[in-house]
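Colleague: Hi! Could you walk me through this one?
Modeller: Happy to, here it comes.

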Number of protein chains: 2
Amino acid sequence: MTPPLRIGLAGLGNVGAGVVKLLAANADLIARRAGRPIIVTAVSARDRSRDRGLDLAPFSWVDDAAELATRDDVDVVVELIGGADGPALTLARRTLAGGKALVTANKALLAHHGLDLAADAEAGGLALKYEAAVAGGIPIIKGLAEGAAANRIARVYGLLNGTCNYILSRMEAERLDFATVLAEAQAAGYAEADPSFDIDGIDTAHKLSLLAALAFGSRIDFAGVAAQGIRALALADIDQAAALGFRIKLVGLAEHEDGALFQRVHAALVPLGHPLAATDGALNAVVVEGDFVGRLFFQGRGAGEGPTASAVVADLIDIARGQPGPVFGMPVGALTALPRADASARSGRYYLRLIVADRPGVLAELTAALRDHGVSIESLIQRGGDDTTAMVAMVTHQAREADVLASLAQMAASPVVAAPPVMLHILDL
Amino acid sequence: MTPPLRIGLAGLGNVGAGVVKLLAANADLIARRAGRPIIVTAVSARDRSRDRGLDLAPFSWVDDAAELATRDDVDVVVELIGGADGPALTLARRTLAGGKALVTANKALLAHHGLDLAADAEAGGLALKYEAAVAGGIPIIKGLAEGAAANRIARVYGLLNGTCNYILSRMEAERLDFATVLAEAQAAGYAEADPSFDIDGIDTAHKLSLLAALAFGSRIDFAGVAAQGIRALALADIDQAAALGFRIKLVGLAEHEDGALFQRVHAALVPLGHPLAATDGALNAVVVEGDFVGRLFFQGRGAGEGPTASAVVADLIDIARGQPGPVFGMPVGALTALPRADASARSGRYYLRLIVADRPGVLAELTAALRDHGVSIESLIQRGGDDTTAMVAMVTHQAREADVLASLAQMAASPVVAAPPVMLHILDL
């Protein structure tokens with residue numbers, strides 16, 4: 001048997017601990033599959049004394065993670081520190097500069113610096129792999145870069161953030177409002193103390209920008225992702241959506257159309273018959289639409305120690321086999337810089353929800369705002385709120401997004417509208 | 001750019017034509033992704049004059065497919081002839097003996113000769129790839145061999161035959177009986193003139209035996225697959241299953257438990273909340289359960305020109321990249337020969353359906369047969385049939401399979417039972 005592949009592991013949180021446990025638990029099987037053993041030789045984390053339920057004695061301890069990049073007993077550095085810059089970026093750069101392969105679960109790092117790091121990896125003939133960065137245990141990076149590689153991909157979309165999906169599923173199942181579920185999730189450790197990366201859609205945007213590059217052979221454009229989160233959603237929206245045959249999900253969606261790139265993260269109404277609608281709790285799911293393969297659907301656990309470790313070690317096995325694959329599915333120089341699509345020119349159906357004064361003439365004013373911009377209404381529900389307000393929820397017919405937004409601005413300016421209107425896209429895919 | 005990868009294509013049916021079309025339609029994109037162009041140089045099929053809507057002029061025509069194995073202008077042979085033996089096997093052997101890579105969509109060939117061919121490929125350091133052999137466009141071979149490679153897989157199962165899934169979906173949607181839908185499907189070309197490979201579960205068994213080898217690191221044991229098909233199913237079974245909260249699907253299921261291999265193809269009742277239940281028509285789907293990743297679910301088109309060509313060309317891109325991967329996820333010599341599990345020792349819930357004489361005491365006799373073997377009943381429906389018979393459908397509580405079979409044998413021997421009883425497994429997974 002060839003010599004072992006030796007791993008230097010930076011970061012011993014849940015995922016890092018999971019990688020150590022997985023490499024130990026399935027060591028024999030992994031060696032059979034990889035053609036050689038895969039062993040951890042050195043580790044680094046912020047706090048050496050913390051009890052992680054792991055025996056770290058077999059590994060060399062390194063205080064400064066960046067030292068892993070230059071150790072003689074390390075072939076591959078696994079970066080699980082997190083963060084787009086700082087120690088993670090320093091370690092990534094030094095690893096590739098030092099001629100070692102890099103495996104990372106860090107979507108923020110790659111969304112911001114992925115092209116530069118990929119160029120470094122290419123220049124050195126080194127592996128740079130990141131299956132764990134998107135959708136946890138689901139092999140979607142491989143699915144796009146290799147499985148669907150024969151296809152012109154028109155669209156890739158999915159549920160990429162387990163925290164948001166958990167919050168929305170729990171609001172619906174337990175009939176709780178957003179703030180209550182968020183506070184619960186924070187207390188239980190499912191959501192960060194500062195939850196904005198998750199609930200404002202930024203984490204999903206990081207992941208989406210990577211999927212888009214792989215799908216379309218385009219340069220990563222994280223800044224081009226229009227991201228909205230789920231803070232504005234009320235339980236009433238979930239109820240109205242259900243009454244209309246939809247479930248609300250935070251969807252990351254990227255399309256390649258007419259030579260332009262459209263990328264958006266948004267809460268959307270997913271028809272109950274669509275497989276994303278049945279993707280609940282901590283599950284993630286991704287849909288890939290290719291010109292020959294049609295629709296592919298992948299679903300699995302999007303986070304957590306075991307699934308994420310599974311993805312990290314899959315990358316290590318590929319490296320051990322000598323089959324790292326191109327970082328973004330093709331050489332960095334072959335990726336095209338796509339212009340951003342004009343979102344306002346899109347059309348679709350939209351869900352609009354307004355809190356309005358409960359008095360005569362209000363509905364006439366709202367519907368006039370839509371009529372003024374040529375938007376017609378497919379269905380409308382009005383319900384009493386407290387003593388003085390009512391809730392109006394509507395689904396439009398197919399309409400131009402710019403027209404819907406103009407109607408909405410007109411409504412929002414009216415004194416009868418008591419709170420900022422909510423507009424959600426309907427995922428008619 | 002490196003020189004093109006040159007393909008010799010044997011078989012120009014739907015899939016072969018699809019491969020030619022795909023390589024032409026997406027040639028530039030494929031070259032960017034593969035790092036080199038992939039071009040067809042030579043083709044072979046039974047009938048040169050047949051109109052396939054393809055311009056074959058650019059390709060050398062070869063009357064005897066086996067000649068592709070020795071042509072100087074061919075790097076990879078794509079075998080799309082079909083059949084476990086005969087010309088497909090001859091071509092496969094000669095291709096590998098001649099030092100060329102082989103890509104095939106032929107599950108029958110691999111179920112019977114896969115280990116020998118993989119050994120030949122290994123001995124020659126050659127690629128042998130077969131993504132298109134299982135579940136059409138779904139990258140499930142790659143998903144198991146690479147994506148989930150870090151995991152000890154406990155179970156792999158799914159819907160692997162589009163013809164059966166189409167028939168069952170159409171029986172339900174159109175309220176037609178089995179024979180009518182089969183005749184329709186044959187007339188429309190969705191089912192073969194001799195449909196037994198599909199509807200008796202043999203095609204699913206071929207595919208399942210390959211998935212099991214990949215999942216468990218075990219030697220292919222096609223002969224060890226207990227295969228039942230869907231001939232015995234009546235529309236009434238579909239109706240009863242629906243009334244009980246299930247949909248009937250032909251499921252291929254393989255488990256690795258206590259060092260033994262269990263492989264079965266059977267019509268099963270799938271709970272409506274399970275993702276397989278929503279996999280309709282020509283879709284295929286596969287569930288993989290790994291010890292770290294948990295449940296992964298893959299769904300997509302299981303057959304047809306486009307999806308199958310997508311899988312064939314994905315294999316070609318892997319080969320062009322110089323990343324073929326081990327044939328069955330590890331060297332053939334590392335695959336273990338697992339003993340077959342004792343199916344009668346399994347337990348679960350079962351659906352039983354009987355056509356019985358419509359007279360007093362019949363139900364007492366049936367239920368006594370179950371009681372005699374310690375099987376208890378969770379639910380039971382009796383419905384009138386024609387003037388003289390009635391239909392009884394039951395779901396048992398958890399029971400040993402041997403006990404249920406013994407009860408069933410006792411019932412079948414009774415003069416009150418008018419037709420062979422139907423027993424279906426309930427997929428409580």
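**Domains and the chain contact**

Modeller: In chain A, the C-alpha centres of domain 1 and domain 3 lie 51 Å apart. This is a predicted model, where local features need pLDDT of at least 70, side-chain atom pairs count only at pLDDT 80 or more, and totals for chains, interfaces and linings use all residues. Residues are numbered from 1 along each chain as its sequence is written, with chains lettered from A and ligands numbered from 1 in the order in which they are written.

Colleague: Which domains is chain A divided into?
Modeller: Domain 1 (5-133), domain 2 (140-301) and domain 3 (346-426), with bounds from an automatic or database domain assignment.

Colleague: What rotation superposes chain B on chain A?
Modeller: One of 180 degrees, with 0.0 Å of shift along its axis and an RMSD of 0.0 Å; the fit is by least squares on the C-alpha atoms of residues with pLDDT of at least 70 in both. The two copies are therefore related as by a two-fold rotation axis.

Colleague: And how many residues does the contact take from each chain?
Modeller: 46 from chain B and 46 from chain A, counting two residues as in contact if their C-beta atoms, placed from the backbone, lie within 7 Å.

Colleague: Changing topic, how do strand S12 of chain A and S12(B) pair?
Modeller: In the antiparallel sense, over 3 bridges. Pairing needs at least two DSSP bridges between the strands, and a strand is a DSSP run of E, at least two residues, numbered from the N terminus.

Colleague: What stands opposite A:Phe297?
Modeller: B:Gln299, in S12(B).

Technical notes:
Helices (H or I, at least four residues) and strands (E, at least two) are DSSP runs, numbered from the N terminus.
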